[in-house]
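Welcome to this guided tour. Open the structure in your viewer, keep the selection box handy, and follow the stops below in order.

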Amino acid sequence: MSPESLLQILVGGVAVGSIYALIAQGFYITHRTTLTLNFGQGDFLMLGAFLGLTLVKAGVPILFTALIVVAVLAALGVLLERVAIRPVGHLTLSWVLTTMGFGVIIQNVATAFWGKSSQSFPSLVGGKVVDVIRVAGVGIVVEELFIIIASILIMGGYLFLLNRTLTGKALAAVAFSRDTAALLGVDVRRMAILVYAIAAILAAVSGILVGPITSLHPFMGVKFAIKGFAAGIMGGFMSPVGIWVGGILLGIIELFSNLISSQFGDLYPFLIIILVLIFRPSGLFRDPTSR
Amino acid sequence: MSPLRPLVWIAVVVVLYVLPSALPTQYFTLLLQTAAYDTIVVVGLNLLVGFSGQISLGHAGFFAIGAYTTSLLTTSYGLSLWLTLPAAGAFAGAAGFLLALPAIRTKGLYLAMITVGFGFVVEILAQRWVDLTGGTMGIYAIPQPFGPVGYFYLVAGVAVALQLAMNHLTGSLWGKTLLALKGSEEAAQSVGIRVVRWKVVAFGVSAVYAGIGGAFFGHQNGYINSDSFTFGASLYYLVALVIGGVGSNYGPVVGTVFLAFITHFSAGLYEQRFFLLGGFLLFTLVFLPDGIVGTLEKWLKRRRETRLAPPEVEVDLARVLAAPANGHEGALLETAELTKHYAGVTAVERVALTIEPGTIHALIGPNGAGKTTFINLITGRIPADRGRVFYRGRHLDGLATPDRARLGIARTFQNLQLFPDLTVLENVLVGFHRHGEATLLEYALGLPRARRETARHTGQALALLSFLGISELAGLRATELAYGHQKLCELARALAVKPDIILLDEPVAGANRTEVDRIVQILGRLRAAGITILLVEHNMDFVMRISDRVSVLNFGEKIAEGTPEEVRANPQVIEAYLGHWGAADARR
């Protein structure tokens, strides 16, 4: 393999890995704050992608498309919290089933609107999806570069929100102790709604970003949810940055393993989850003895 | 058991026998077959979700393994159905075991996620490993024995047998053990239950049921392909379980039959089936969380609230509590240099403590002195940073809480940890865990050893409750009791371990004077019966009355030790409790 194609694969891996990391951040932020998460997160992503596709095809500029999709999905995230999380609480595993149920309803709605066959998304940056720019003599797919840059920006905003704002501190307080946070005047219920909206927005953005480099299908969500989860497990589900690194690693591993055998390509993230759980149950980056 | 029980089962058999002729078309016979093997799957799923408190979103994967196992073995190797059926269960069970083992050690949620991935992986393999599974083309010419009606009888017969076995399991001590660890893993470990092992076994058994169900699917049409084992199928089983009632014995069959007929009558809505399934899930979980059967059961139970009132018996404590003899002489429990820090905060600092057998040893100290942490270090709930715990002269390094409980170290909790799904009697029964010998199979089949064991433990549990004066509460749910009674129930559960030493975390907190007197009496009798007691308590009056020896912790360090009188007079202790001026006052 030439060094050039090696680099191309690397960039592609970082691009899809960034998507997995964004999905995992949605899992992380909701679970940390509410002890629940959305098992239909992948379906949210799918819906975001299809909505984006429809709007772009209708000639809406990409920026407006993104804004509209984000708004719709955020509202859906709030609805999810209201109908599938709050009524059942976090004490039993009922929320796993209710969020799952919500997800398959979205799948069914998507099938009704967009049919069951695969569709493809136009490029987000204009031109063709496969357009390549030359950086220091190496050809890099523009679309993938765009994903990487966009996800860095989103992660920046996300980290800023978590670490530098009062809201972020309130979220951390709820994660540490719901009761104490509530006593200190943090509106725990509003925080739950907020994190579900944030998770849905992350899914919306990932859906639009991933659109051009994958084929769209109402049942595509599960695959992304599993990979997002694998990314989170690799990162140990303890810090946003660890999860980010985990996602990117997963993306790179996936693209390289596809080179070797594409027939069972989707199995690798699953194998990785199992291996990580056996040998490094607290993630790749944390010392397993410290808790 | 009620005398009507055999009649009910005869009626069930008659109904099953008549059904195919009552619904005479071949179509309905197939529908009945489907309902029968789906019931097997859902009964197994119920064990997992309703009793062990786990969840599987990939049961179609085990179903598929069962279907492919029997299909391949009968078509390629010509094996008989009677061999391939158990093989299907075994293969699926093994897969469940391997899947659960790494995941359960970490978090329950991880397992749930991994089951999603597992179902997905099986789907991919079924589709793309064409050499083995035939992919979407599938496997043809799978034997279809006994004709449609005969085959229904076979599937229904196995379903009834597996339902009966499950009833035995869930109704027995085995099932109560699962419910216990579902309710409180910490308390379950404190009586010696190896929680991880039990969860994995429950997962495996559940997968066996799914595999057998899948095998029957394989022989139903003589043809299978990869389209049948999708995520939607896994979801279908969960919906059936939730509608019927999670955790009730007959929820699975009711839910499955209900859903089978709903699906039948809404065949025109095939394209909307996910909408229906998702809607059912959301609706049932939010508005009818106990499902059809669970709601009925609750309603019936309210009408005939049973109170068990066994006679008060004179209890030979020494007999009930007799633990296996041991040859060790000298201190029962010792700690050396025991240390625990939390992110720079000292909880326990180099504490050396010696507890002599047959004594009541009190551990006192101001709030935050590290007393509860000390107990948690002894039981192995939290790992020590440094130092060791010696029990009968042997160090306990590397032993987890259940292992330590099995050596005879029992405890109660400061914030009560009763098993909420169980009655008072059952809470105590689970306490006998380490003395149980009967196996899963013996419980499933209701064999003599399992029955004898249950009878013996029940007798001893009632004796313990009687000794503590709460035997008339035996039939109530533990969480329905008043606070003081809950504490006694916890004590009874800890005594059921037949411990050499029992660690009591604030046994008289919140008790009035009469209750305190009673506990003084109880602890005195336990000491007389040879049980060693380490107690953490703030009620000084109580401590001084009952203790043989008192140790004082302050900021994690042991600052004094001696008889109650010596400790009471110790200026350092007075200072720790009352501050420097208080100490000066006391000296004056």
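**Stop 1: a residue to start from**

Select Ala36(B), which counts as buried at 9% relative accessibility; here buried means under 20% relative accessible area, exposed means over 50%, and partly exposed lies in between, with a 1.4 Å probe and protein chains only. Ala36(B) sits in helix H2 of chain B, residues 26-51. Helices (H or I, at least four residues) and strands (E, at least two) are DSSP runs, numbered from the N terminus.

Which residues is Ala36(B) in contact with, leaving aside its neighbours within four places in sequence? Show Phe152(B), Val155(B), Ala156(B) and Ala159(B), and you have them. Contact means heavy atoms within 4.5 Å. Now add Ala461(B): from Ala36(B) it is 425 residues away in sequence and 39 Å away in space, C-alpha to C-alpha.

A word on what you are looking at. This is a predicted model, in which local features need pLDDT of at least 70 and side-chain atom pairs count only at pLDDT 80 or more, while totals for chains, interfaces and linings use all residues. Residues are numbered from 1 along each chain as its sequence is written, chains are lettered from A and ligands numbered from 1 in the order in which they are written, and side-chain values use heavy atoms, with hydrogens and water left out.

**Stop 2: the whole chain**

Zoom out to all of chain B. Its C-alpha trace spans about 100 × 50 × 45 Å along the principal axes, and you can colour 25 helices and 10 strands. Of its 588 residues, 55% count as buried. Among contacts with a separation of 6 or more, 76% are between residues 24 or more positions apart.

Next, try colouring by charge. Chain B carries 47 positive and 43 negative side chains, and the centres of the two sets lie 3 Å apart. Lys and Arg count as positive and Asp and Glu as negative, with His and the chain ends not counted; each charge is placed at NZ of Lys, CZ of Arg, CG of Asp or CD of Glu.

**Stop 3: the four-stranded sheet**

Select S2, S1, S4 and S5 of chain B: in that order they form an open sheet with antiparallel pairing. Two strands pair if DSSP finds at least two bridges between them. At the edges are S2 (345-355) and S5 (394-395), each pairing on one side only. Helix H16 (residues 371-379) packs on this sheet and touches S1 (333-342), S2 and S4, its direction making about 115° with that of S1(B). Axes are lines fitted to C-alpha atoms, for helices over the stretch in contact, and angles between N-to-C directions run from 0 to 180 degrees.

Look at S4 (residues 386-391), which is joined to S5(B) by two bridges. Phe390(B) stands opposite His395(B) there. Then click on Arg350(B), in strand S2: it is not a glycine, yet its phi is positive, about 40°.

**Stop 4: the six-stranded sheet**

Now select S6-S7-S8-S3-S9-S10 of chain B, an open sheet with mixed pairing. Its edge strands are S6 (409-411) and S10 (557-562). Neighbouring strands here are turned by 20° against each other on average, direction ignored.

S7(B) and S8 (residues 532-536) run parallel over five bridges, and the partner of Ile501(B) in S8(B) is Thr532(B). Bring H16(B) back into view: it packs on this sheet too, touching S3 (360-364), S6, S7, S8 and S9 (549-554), at about 150° to S7(B). H22(B) also packs on the sheet, touching S3, S7 and S8, with its direction at about 145° to that of S8(B).

**Stop 5: strand S3**

Is S3(B) mostly covered or open? Covered: five of its five residues are buried. Ile360(B), Ala362(B) and Ile364(B) lie on one side, with His361(B) and Leu363(B) on the other. In a regular strand the side chains alternate between the two faces of the sheet.

S3(B) is joined in parallel to S8(B) by four bridges and to S9(B) by four bridges. Ile360(B) faces Ile533(B) in S8(B), and Ile364(B) has Val552(B) as its bridge partner in S9(B).

**Last stop: a loop residue**

Finish at Glu506(B), in the loop between S7 (501-505) and H22 (513-528). Its phi is near 55°, a positive value in a residue other than glycine. Glu506(B) is buried, with a relative accessible area of 10%.
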